[in-house]
Amino acid sequence: MADLTGQVALVTGAARGQGRAHALALAEAGADIIAVDACADVETAPYPLATAEDLAATVKEIEKLDRRVVAAECDVRDSAGLDDVVARGLAEFGRIDVLVANAGIWALGRLWEITEAQWQEMLDINLTGVWRTVKAVVPHMIEQKRGAIVLTSSVNGFEAGGGMTHYVAAKHGVLGLMRNAAIELGPYNIRCNAVCPGIVDTKMNDWPGAYDMMAGHEGGTPEDRRHNAYGWSALAGRGLLDPRTVSRSVVFLVSDDARDITGVALPVDGGHAVLPGSNPDPIRSL
């Protein structure tokens with residue numbers, strides 16, 4: 001296990017799902033945590049988002065690990081709010097060594113059917129929100145001439161995903177942001193990498209529209225989601241991935257074990273990225 005004793009990590013989207021798993025894994029490795037989440041629904045997200053009660057539950061789990069924690073309700077679309085969170089964290093801990101910019105939403109929609117509001121909200125949270133978060137934290141990291149950043153992208157950061165154009169565009173953008181951050185922050189000894197998860201077992205994909213997508217037809221069920229997830233992985237026995245498997249990669253990337261690694265997009269996907277693609281239902285004539 002990497003040793004992050006004495007370090008402080010800021011994690012967005014920390015109230016549940018991958019964000020909570022990352023916060024707990026970092027705490028287990030010895031870091032104190034600044035746990036951030038909007039704790040509010042988003043108009044264009046087709047499922048309920050995390051609540052203040054979820055964030056409080058994350059705090060309790062971190063405290064059980066005998067780590068200090070500052071919790072803040074803040075939307076990554078709010079630059080002033082993020083600046084305040086960073087100021088609170090610095091006032092409490094005196095430093096921020098690690099940033100995990102994880103907050104995000106997922107939704108479905110073909111490019112000609114997505115509304116401007118759906119497009120804009122997806123990019124505001126999943127791409128611009130990541131930039132805002134990095135922008136809020138890096139001045140302190142530059143001052144201390146040290147830092148490690150991990151951005152959450154997706155396998156859809158480097159491949160298409162039918163029926164989710166706005167999500168795919170945002171996650172591709174995250175990888176561009178990560179690579180440029182690695183170049184621009186490298187002279188200050190600040191590393192920036194990204195994790196690219198496959199299909200992870202979280203609330204983000206546990207709703208009727210996701211069941212239909214996984215089933216390939218309307219009327220999909222939770223069992224369709226569970227069963228068909230196995231088709232996303234090259235490794236035996238991997239279906240819906242445990243969020244903690246992504247967290248282990250996050251901890252590695254921010255630790256000294258990865259001190260010479262920057263600008264990397266790391267798939268954590270059960271081998272999904274190496275699967276040979278094919279069209280299961282080709283149109284043979286017009």
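Modeller: A salt bridge is a side-chain nitrogen of Lys or Arg within 4 Å of a carboxyl oxygen of Asp or Glu, and the model to which we apply that rule here is a predicted one.

Colleague: How many salt bridges are counted between domain 1 and domain 2?

Modeller: The domain assignment gives domain 1 as 8–198 + 244–260 and domain 2 as 201–240, and the contact takes ten residues from domain 1 and eight residues from domain 2. Between domain 1 and domain 2, the number of salt bridges comes to zero.

Colleague: Which three residues supply 51% of the area that domain 1 buries against domain 2?

Modeller: Domain 1 and domain 2 bury about 840 Å² between them, and 85% of that area is on carbon and sulfur atoms. On the side of domain 1, the share of 51%, which is more than any other three residues supply, comes from Tyr47, Trp106 and Leu108.

Colleague: How do the residues of the side of domain 1 that touches domain 2 divide into nonpolar, polar and charged?

Modeller: Between the two domains there are zero residue pairs in polar contact, counting pairs with both residues at pLDDT 80 or more. The residues on the side of domain 1 that touches domain 2 divide into six nonpolar, three polar and one charged.

Colleague: Why is Cys74 in no disulfide with Cys39, the closest cysteine by sulfur?

Modeller: A disulfide needs two cysteine sulfur atoms within 2.5 Å, and by this rule the count comes to zero disulfides. Cys74 is buried at 6% relative accessibility, and Cys39 is buried too, at 15%. The bond is absent because the sulfur of Cys74 is too far from that of Cys39, at 10 Å.

Methods
Residues are numbered from 1 along each chain as its sequence is written. This is a predicted model: local features need pLDDT of at least 70, side-chain atom pairs count only at pLDDT 80 or more; totals for chains, interfaces and linings use all residues. Side-chain values use heavy atoms; hydrogens and water are left out. Domain bounds come from an automatic or database domain assignment. Contact means heavy atoms within 4.5 Å. Buried area is the accessible area (1.4 Å probe) that two parts lose on being put together, summed over both. A polar contact is a pair of N or O atoms within 3.5 Å; within protein, one must be able to donate a hydrogen and the other to accept it, and residues adjacent in sequence count only if both atoms are side-chain atoms. Ala, Val, Leu, Ile, Met, Phe, Trp, Tyr, Cys and Pro count as nonpolar, Asp, Glu, Lys and Arg as charged, and the others, Gly among them, as polar. Buried means under 20% relative accessible area, exposed over 50%, partly exposed in between (1.4 Å probe, protein chains only).
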